[in-house]
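Biologist: I am new to this structure and would love a close look at a single part of it. Could you pick one helix and walk me through its surroundings?

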Amino acid sequence: MKLQDNETPIAETIINSPKIGLVDADLLNGGTRHPNLVLLKLAGFFYDNDIPFRLIISNDEDISTYTQIYISRVFTFNPIPSFYDENDSRFHLGGTGAYAIKKDVKDFKESRSLDMHQLEYDEFLNTLPNRRGGSKAMGIDMRRQMPYYRLYDEYVEKKIEEGRKPSYFNDYKYYSIGFLTRGCVRHCPFCVNKLENEVYRYSELEWFLDQERDDYGKLIRPYIYLWDDNFLASDKKIWKPMLEALIASKRPFQFRQGLDERILAESKDGPMIAKMLSKCKYHGDFIFAFDNWRDREKIVKALGIWKYYNPRKSTKFYLFCGFMLKAEDDEKLYADVKTLFDRIYILMQYGCFGYVMRHADYENHDLSNIYVQIARWCNQPQFYRYMSFWEYCYRNQSFWEQRTKKLEVPDQIPFNEFERRYRGGYYSKDGIRLCKTLQTLMDFIDRFPSKREEIMKFMDYNLKDLTNPKLWENLKFE
């Protein structure tokens, strides 16, 4: 039975043959904005071999009819599906969600190595031919396997019918997805690549670039996104031709895990990299990372290079925080919050946006909500662009008073005026209460009275006031 390109294999039409269940454990626990690449490639492998498969989209599904079930879990906080039975040989479980937070280095290394290679040693998969070329005649070659991009169609259609906005599923519908390189050299302790020592060539663009077109000849998936861990840290002989291939594709693309800004400062090719990227058909924000305060000198140097060649490109930096925070460790909490704002200050000077990424450890502290409020301000460009953190906090309060209590109060007031009201009991009478955002800020200020002046300063950082084009306009790299 040969299936048409626009069909999902239906197991019920094939009797006495394998029936494969594919399970996205993260999807079953609420889902994400991204399809699972491993499952897309498994689906592609079964599609190539005319083996019927189906994405299981409910924990309540009857799994008794499946002959093999492949489960992938990316995030450790999502549970393994309730129907999983480790004693049932039909089940194959993998993904970073099984080991990412393991503390023992040896255990982590062994678990990661097993997970990275288990599908290519899978007994059942190795009974089927590899139809994508390369040195592997039987079984799946994860590097070369073309994803089956229609795997999630049933799920997406169901969710849209239930009322979810179609735009939420853009990543499922309009992108070719893959890795050009794998590995990293940074050894960040919070990353699944912390034991890696190199960045190596992984796939060629054409191995996962979808060419499907609609009835009018228009590409169904006109965009590309890449999961590369640290693309620019690879050898120039690797990244340069791959970047040229991306440009030559004429499709908008994006590195979803970001690019390593420090490379622009560390490499003699930094200006060339920035110039090449300035000519790309890039999709959305350019994303980098400013995770460690100790990297500030490199980041500042790299920002100068980047903004010289890309003065009007929308640029965003991941800002990692909350790692290894313990309950009642006030000193570490304050230092972490302060360096978070210190990084934001630098980014604002160069007209760049931040995006706060919280490690799960942040929840250990009783003042953990300060991270939530900073993220809600920083991660939304309409707030970050036009308001300081203080203005964002107070606008939550004034909006509530205007809309809920129908009071004629100004949108903004100076902090000193607010504090006079706060200490004077204004927010404990006549049904007026303090919103959680402002209460969190005041709890933070009151916990660190000796740091008050410093807190007042970083509460008022403002993108419009701090951006200074002279920091990059007068540089020379040609």
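Modeller: Here is a tour that starts with the whole chain and then settles on one helix and its neighbours. Please keep in mind that this is a predicted model.

Let us get our bearings. The protein chain contains 18 helices and twelve strands. Its radius of gyration is 25 Å, close to the 23 Å that the globule rule gives for 478 residues, so the chain is as compact as a globular protein of that length. Along the principal axes, the C-alpha trace spans about 80 × 60 × 55 Å. Buried residues make up 50% of the 478 residues. If we take the contacts with a separation of 6 or more, 71% of them join residues 24 or more positions apart. The chain exposes about 24000 Å², and carbon and sulfur atoms supply 49% of that area.

Now for the part I would like to show you, helix H11, which covers residues 369-378. Nine of its ten residues are buried, so H11 is largely enclosed by the rest of the structure. To find them in the view, look for Asn 369, Ile 370, Tyr 371, Val 372, Gln 373, Ile 374, Ala 375, Trp 377 and Cys 378. What do these buried residues pack against? Two strands take part, E11 (315-321) and E12 (353-358). The helices that the buried residues of H11 pack against are H10 (330-349), H12 (381-386), H13 and H15.

Two of those neighbours, H13 and H15, also come together with each other. Helix H13 is made of residues 389-403 and helix H15 of residues 436-447, and their axes come within 7 Å. The axes cross at roughly 135°, and H13 and H15 are therefore oblique to each other. On the H13 side, the residues that meet H15 are Phe 389, Trp 390, Tyr 392, Cys 393, Tyr 394, Asn 396 and Gln 397. On the H15 side, the partners are Thr 437, Leu 438 and Leu 441. Sorted by character, the residues of this contact divide into seven nonpolar, three polar and no charged.

A short step along the chain brings us to Ser 388, in the loop between H12 and H13. Is Ser 388 buried or exposed? Its relative accessible area is 2%, so Ser 388 is buried. Leaving aside neighbours within four places in sequence, Ser 388 is in contact with Trp 377, Met 459, Asp 460, Tyr 461 and Asn 462. Trp 377 is one of the buried residues of H11, and that contact links the loop residue Ser 388 back to our chosen helix.

For a contrast, let us visit two other loops. Most residues other than glycine have a negative phi. Lys 250 has a positive phi of about 60° although it is not a glycine. Lys 250 lies in the loop between helix H6 (236-249) and strand E9 (253-255), and with a relative accessible area of 65% it is exposed. His 187 likewise has a positive phi, near 60°. You will find His 187 in the loop between strand E6 (181-183) and strand E7 (199-201), where its relative accessible area of 41% makes it partly exposed. Ser 388, by comparison, is the buried loop residue we met beside H13.

Conventions. Residues numbered from 1 in each chain as written. Predicted model: local features only at pLDDT ≥ 70, side-chain atom pairs only at ≥ 80, totals over all residues. Heavy atoms only, no water. Axes fitted to C-alpha atoms, helices over the stretch in contact; angles between N-to-C directions. Helix = DSSP H or I, 4+ residues; strand = E, 2+ residues; numbered from the N terminus. Parallel < 35°, antiparallel > 145°, perpendicular 65-115°, else oblique. Contact = heavy atoms within 4.5 Å. Nonpolar A, V, L, I, M, F, W, Y, C, P; charged D, E, K, R; others polar. Rg over C-alpha atoms; globule rule 2.2 N^0.38 Å. Buried < 20%, exposed > 50% of the residue type's maximum accessible area, 1.4 Å probe, protein only. Areas by Shrake-Rupley, 256 points an atom, 1.4 Å probe, with all protein chains shown as cover.
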